[in-house]
Amino acid sequence: MKKIYLDSAASTIIDERVIEAMIQSMKEDFGNPSAIHSFGQESKSKIEMVRKNIAQWLHVNPNEIIFTSCGTESNNLILRSCIENLSIKRIISSPLEHKSVLETIRDLKEKHPEIEVVFLPLKNKKGDLDIAFLEDLLEEKTPTLVSLMHSNNEIGNLTDIDCIAQLCKKHGALFHSDTVQTMAHYPLDFSKTPIDFASCSAHKFHGPKGIGMAFIRKSSGLKGMITGGTQERNLRAGTENVYGIVGLGKSFDYAMQELKERRRIIEDLKQYTIDQLSKNIQGVLFNGHGTDFTKSNYTLLSILLPFPNTLVGFQLDMKGIAVSQGSACASGASKPSKTMLQLYTEEELKNTTTLRISYSHYNTKEEIDVLISFLSEIQKNLTNTIPAENG
């Protein structure tokens, strides 16, 4: 049975070229980058080369790229240091953020009860944030950190980070964006977008797991949270993951060099999925701005299926199809995700199943056909097993 992978928002297939580069680095770059001898300096040079290349893609200073283990660590570093070291008195965020942001904010609030936390309300069921309300808050001039993700990881909505960055700059607030789902999928230019902090994970764009980075604007004054060494501009102590950094660098380079072609393939696949779902699955709904590519991440599609089956993800997996199943509300033991509860009521989510389909340039329309066929089969079987009402 040929397996079909449609969960790239969770983690992507590693590019074979990246694997080769990492293996070569493992053979050659065994020296500690902090050592002054040639073995150590060779490892150090590989790190700095990657740092320089990524900085060029993002149009920033190489000193503003800090290597971490993943996006979650980057988010934690930024949020915690802003409170601990930059005298931030208020955090403005959204109820749709990734758990690495929401749970970190919750923890910071418990440890620093004097910190004000404000979550922007949603304007509609599509999940649009109330940016006018954000501007009203920023006019209060309280020392503020705004933390809003570029693309929602569950429904794919895009946030206008250019607009928000300009608002924050105008009112003297700091702006952090979780860009894990968009880094190396969009041509980000931080010389034009005055963002202060951003985060990324290599495994979201065909690189290895366990390596990521934080963009930290050098003028911010952020300080490290892990002590014990001077690595990463004193912002992250610990011996660097040389092989991981090489893999991050290669996957970033390939993603940006091939961005237009990859995007063309994926956008075509996403539109094909939308068309086939609309044609074959009666009552399907598209969450957020899924059908509007100007407002939704082209790599991700979230759907609400009109049938009460919390095992859809398992059934698909048994057929060799990997997708992410959002929490459904078909029984007392199943609860909807916090994101879905922001868009729908519990009653609206009753007897539904949420699926997140996420793509890479390795996917094909034939794979989408197989997915649609199985979903159609599941719906047909469920319809046939519903008992008729007594006349």
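**Stop 1: aromatic rings**

The structure holds 4 aromatic pairs. The model is a predicted one, so treat each stop as a look at a prediction.

Select Phe205 and Phe252. Their ring centres are 5.5 Å apart and their planes meet at 85°, so this pair is edge-to-face. The cut-off behind that label is an angle over 60 degrees. Now colour the chain by sequence position. Phe205 sits in the loop between β7 (197–201) and β8 (212–216), while Phe252 belongs to helix α7 (residues 242–257). The two are 47 residues apart, and the pair links distant parts of the chain.

Are these two rings buried or exposed? Phe205 is buried, at 1% relative accessibility. Phe252 is buried too, with a relative accessible area of 1%.

**Stop 2: charges over rings**

Select Arg17 and Tyr254. The charged end of Arg17 sits over the Tyr254 ring, 3.8 Å from the ring centre.

Move on to Lys270 and Phe293. Here Lys270 lies over the face of Phe293, and the distance to the ring centre is 4.9 Å.

**Stop 3: the largest cavity**

Switch to a view that shows internal space. How many cavities of 30 Å³ or more does a search of the whole structure find? There are 2.

Go to the largest cavity. It contains about 90 Å³ of space. Which residues lie closest to its centre? Select His185, His206, Arg262, Ile266 and His361; these are the closest of the 14 residues that line the largest cavity.

Next, highlight helix α8 (residues 259–280). This helix gives the largest share of the lining of the largest cavity, with 4 residues. Colour the lining by class: 6 residues are nonpolar, 6 are polar and 2 are charged.

**Stop 4: the second largest cavity**

The second largest cavity holds about 50 Å³ of space. Select its lining: Ser8, Ala9, Thr12, Gln181, His185, Lys204, Thr299 and Tyr359. By class, that lining has 2 nonpolar, 5 polar and 1 charged residues.

Keep His185 selected for a moment. His185 is among the residues closest to the centre of the largest cavity, and His185 also lines the second largest cavity.

Two other lining residues deserve a click.

- Thr299 lines the second largest cavity. Thr299 lies in the loop between β9 (285–286) and β10 (300–305). Thr299 is buried, with 5% relative accessible area. Draw a line from Thr299 to Thr230: their C-alpha atoms are 37 Å apart, with the two positions 69 residues apart along the chain.
- Tyr359 lines the second largest cavity. Tyr359 is in the loop between β13 and α12. Tyr359 counts as buried, at 3% relative accessibility. Measure across to Ala165: the C-alpha atoms are 28 Å apart, and the residues are 194 apart in sequence.

**Stop 5: the cysteines**

How many disulfides does the structure hold? The count is 0. Select Cys163 and look for a partner. Cys163 is in no disulfide, and the nearest cysteine sulfur, that of Cys168, is 9.4 Å away. From the other side, Cys168 is also in no disulfide, with the Cys163 sulfur as its nearest at 9.4 Å. A disulfide needs the sulfur atoms within 2.5 Å, so a separation of 9.4 Å does not qualify.

Show the surface next. Cys163 is partly exposed, with a relative accessible area of 35%. Cys168 counts as buried, at 1%.

**Stop 6: positive phi in two loops**

Select Asn234. Where is Asn234? Asn234 lies in the loop between β8 and α7. Its phi is near 65°, a positive value in a residue other than glycine.

Select Asn351 next. Asn351 is found in the loop between α11 (346–349) and β13 (353–358). Phi of Asn351 is near 60°, which is again positive in a residue other than glycine. Asn351 is partly exposed, at 36% relative accessibility.

**Stop 7: out to helix α12**

Finish at Glu366. Glu366 is in helix α12 (residues 365–385). Is Glu366 buried or exposed? Glu366 counts as exposed, at 55% relative accessibility. For a last distance, join Glu366 to Ile66. The two are 300 residues apart along the chain, and their C-alpha atoms are separated by 40 Å.

Key
Residues numbered from 1 in each chain as written. Predicted model: local features only at pLDDT ≥ 70, side-chain atom pairs only at ≥ 80, totals over all residues. Heavy atoms only, no water. Buried < 20%, exposed > 50% of the residue type's maximum accessible area, 1.4 Å probe, protein only. 1 Å grid on protein atoms, 1.4 Å probe; cavity = no way out; pocket = protein on both sides within 12 Å on 5 of 7 lines; lining within 4 Å. Points joined across faces, edges and corners; volume = space filled by probe spheres on them. Nonpolar A, V, L, I, M, F, W, Y, C, P; charged D, E, K, R; others polar. Phe/Tyr/Trp six-rings, centres within 6.5 Å; stacked < 30°, edge-to-face > 60°. Lys NZ or Arg CZ within 6 Å of the ring centre and 35° of its normal.
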